[in-house]
Amino acid sequence: MPHIVIEYYAETDMDRRQVLETALETAAASGVMNRADIKVRLSRSEAILLGDGRSSFMHVTISMLAGRSDEAKLELARAMTEALRATCPCLGAISTDIRDMNPETYKKSLLT
């Protein structure tokens, strides 16, 4: 935790490893999470239909335990969107949403 899930659809190939690394490095540089705790996943949509006619998109969902300020989350969302725009300049739309996870109900189990 935190979890970064990147959903996307693009008709042309993109450097998926670079997208993952960009997301990881941007999140780590934000100062609101520890690099070692970050998990990044990339999920390609099979098909899309966007109401505005665009033919590609990327949406980033960042889930982390509640407690960060709205200002810190907004700065992270801006930084992530800008970094991924630089990495994927041809995508029709790129967006980022940050979600708070309830620390009382979030549980995990690690193999030791």
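This note sets out a few points on the cysteines, the largest pocket and one loop residue of a predicted model.

1. On the cysteines, the count of disulfides comes to 0. The sulfur of Cys-88 has its closest cysteine sulfur in Cys-90, at 8.9 Å, which is too far for a bond, given that a disulfide requires the two sulfur atoms to lie within 2.5 Å. Seen from the other side, the closest cysteine sulfur to that of Cys-90 belongs to Cys-88, again at 8.9 Å and too far for a bond.

2. The surroundings of these two residues deserve a separate remark. Cys-88 counts as buried, at 6% relative accessibility, whereas Cys-90 is exposed, with a relative accessible area of 71%.

3. Both cysteines also appear in the lining of the largest pocket, together with Pro-89 and Leu-91. That lining further takes in Ala-10, Glu-11, Thr-12, Asp-13 and Met-14, as well as Ser-55 and Ser-56. The space in the largest pocket is about 150 Å³, and by class its lining residues divide into 6 nonpolar, 3 polar and 2 charged.

4. Turning to the loop between β2 (39-44) and β3 (57-65), this is where Ala-47 lies. Ala-47 is exposed, its relative accessible area being 59%, a value that passes the cut-off of over 50% for that class. In sequence Ala-47 and Tyr-8 are 39 residues apart, while in space the separation is 9.8 Å from C-alpha to C-alpha.

Terms used:
Residues are numbered from 1 along each chain as its sequence is written. This is a predicted model: local features need pLDDT of at least 70, side-chain atom pairs count only at pLDDT 80 or more; totals for chains, interfaces and linings use all residues. Side-chain values use heavy atoms; hydrogens and water are left out. Buried means under 20% relative accessible area, exposed over 50%, partly exposed in between (1.4 Å probe, protein chains only). On a 1 Å grid over the protein atoms alone, a cavity is a set of points where a 1.4 Å probe fits but cannot get out, and a pocket is an open set with protein on both sides within 12 Å along at least five of seven lines; lining residues have an atom within 4 Å of a point. Grid points are joined across faces, edges and corners, and a volume is the space filled by probe spheres set on the points. Ala, Val, Leu, Ile, Met, Phe, Trp, Tyr, Cys and Pro count as nonpolar, Asp, Glu, Lys and Arg as charged, and the others, Gly among them, as polar. Helices (H or I, at least four residues) and strands (E, at least two) are DSSP runs, numbered from the N terminus.
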